[in-house]
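Colleague: I would like to learn how to read helix crossings and a sheet in a model. Where do we start?

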Amino acid sequence: MAYHNFVMNRQINIPYMVKIGYGKINRLGKYLIDKGMSNIAIFWSEGLEETLGGKIYKGFEQHDIEIVCNKVVQYINIEEVTKISFSLPRTTDAIIGVGGGKVLDFAKYSANLLKKPFISVPTSLSNDGFCSPNTSLLVDGKRTSVKSNIPFGVIVDLDVISKSPIYLIYSGIGDMTSKISALWDWKVAFRKGYERYNDFAAMLTYNAIDTLLNTKNLNLISSEFLKNLSTSLLLSGMAMEIAGTSRPASGAEHLISHALDEISRPSQPHGIQTGVSSYVCALLQNNPQIEMLKNFLLKTGFFEYVMNNPLSRADYFLALQRAPLIKKDFYTVLSEKDSYMKAIDIIEKDAILKKIIR
Ligand SMILES: [Zn+2]
């Protein structure tokens, strides 16, 4: 049967270079040369070359790495990425992105176009994009999810990450815990016959959630916490690659966040929105992991952060209404009849939600 052939033959990529720890960017040159890569294109988020360039270039010099293209990324429209990608020399061995979501998406898509390895060097852990097969680019002026490839290499330097603003770490926590409601949506969508399910991808994501939720040291910039947060986000990205869909990482809570991005000016970071929405959706779902989720978001100070930086109630209610319309044929708990009214009731009655959506 063709369906089985497709499933069996689909190629799954994995990152072949995974370095998580302190001082890792100093060794980037060595990691590259170990893989036989000596001509590289490097893309930066604005302002980062000034702070991190010295460390990275020193390692490049030591290992005779040549930079064939060096650019600061400001725009992520697909035409611009395509134009720059095809102007790169043929000798380019690898494409590196250093910085936040935009530059990583830029470099990831560029590498995908040229069929070159992409090395992801995130400077924060605000979401799972640094090791996912997807990119978010501007297509005709609209933020659009575009399929790419999982990175060949992921370098998470905890020196750099621990100096990132704390709200970005909260965002990473929220993006990771949002898999709790996403997995529920996926399983129910499968039971209703709308989706294929992949046991292995689901197991990997459940384990990734456990890794983070069982972290003993809740000092958010401790080595244990940051290592667990980065590994969980990385595994969650891998689960999408294995499943061949974003389902293990993204459900109703992501739809609400996408709706908020369109409505709120300015919107909050992705993981703050998905983290809060995951709690709302998990309550709607009667999710068996709800208490675990709530305790973790309380203990880490996530809820307290959002209490001090609340989401607008008017925007949130509008986002709840729009969310089910964002993706066609995508079952989530919000597809259920009366879910909108139930969600509003939950937000009005829950002691935490009353304080963070107001
Ligand atoms: Zn996300």
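Modeller: Start with handedness. A crossing is left-handed if the near helix is turned anticlockwise from the far one by less than a right angle, and right-handed if clockwise. Keep in mind that this is a predicted model.

Colleague: Which hand does the crossing of α8 and α12 have?

Modeller: Helix α8 passes α12 in a left-handed crossing. The two helices are residues 179-191 and residues 270-285, and their axes come within 8 Å, crossing at roughly 40 degrees. Angles from 35 up to 65 degrees fall outside the parallel and perpendicular classes, so α8 counts as oblique to α12.

Colleague: Which residues make that contact?

Modeller: On α8 they are Ile180, Ser181 and Trp184, and on α12 they are Ser278, Cys281, Ala282 and Gln285. Sorted by class, the contact of α8 with α12 has four nonpolar residues, three polar and no charged.

Colleague: And how do α4 and α5 cross, left-handed or right-handed?

Modeller: Their crossing is right-handed. Helix α4 covers residues 78-86 and helix α5 residues 101-114; the axes come within 9 Å and cross at roughly 55 degrees. That angle makes α4 oblique to α5. Val81, Thr82, Ile84 and Ser85 of α4 meet Phe106, Tyr109, Ser110, Leu113 and Leu114 of α5. Six residues of this contact are nonpolar, three are polar and no residue is charged.

Colleague: Now the sheet. What holds strands together in general?

Modeller: Strands of a sheet pair through backbone hydrogen bonds, in either the parallel or the antiparallel sense. Here six strands form an open sheet with parallel pairing, in the order β1-β8-β5-β4-β2-β3.

Colleague: Which strands stand at the edges, and why does each have a side without a neighbour?

Modeller: The edge strands are β1 (17-21) and β3 (66-72); each has a single partner strand, so one side of each is left without a neighbour in the sheet. From one strand to the next, the twist averages 15 degrees.

Colleague: What are the pairings of β4?

Modeller: Strand β4 pairs with β2 (residues 39-44) in the parallel sense over five bridges. With β5 (residues 118-122), β4 also pairs in the parallel sense over five bridges. As for individual positions, isoleucine 40 stands opposite alanine 94 of β4. Toward β5, isoleucine 96 stands opposite isoleucine 119, and the bridge partner of valine 98 is valine 121.

Colleague: Is β4 mostly covered or exposed?

Modeller: Mostly covered: β4 spans residues 94-99, and six of its six residues are buried.

Note on methods. Residues are numbered from 1 along each chain as its sequence is written. This is a predicted model: local features need pLDDT of at least 70, side-chain atom pairs count only at pLDDT 80 or more; totals for chains, interfaces and linings use all residues. Axes are lines fitted to C-alpha atoms, for helices over the stretch in contact, and angles run from 0 to 180 degrees between N-to-C directions. Helices (H or I, at least four residues) and strands (E, at least two) are DSSP runs, numbered from the N terminus. Angles under 35 degrees count as roughly parallel, over 145 as roughly antiparallel, 65 to 115 as roughly perpendicular and the rest as oblique. Two residues are in contact if their C-beta atoms, placed from the backbone, lie within 7 Å. Ala, Val, Leu, Ile, Met, Phe, Trp, Tyr, Cys and Pro count as nonpolar, Asp, Glu, Lys and Arg as charged, and the others, Gly among them, as polar. A residue is buried if 20 or more other C-beta atoms lie within 10 Å of its own, exposed if 12 or fewer, and partly exposed in between; C-beta atoms are placed from the backbone. Two strands pair if DSSP finds at least two bridges between them.
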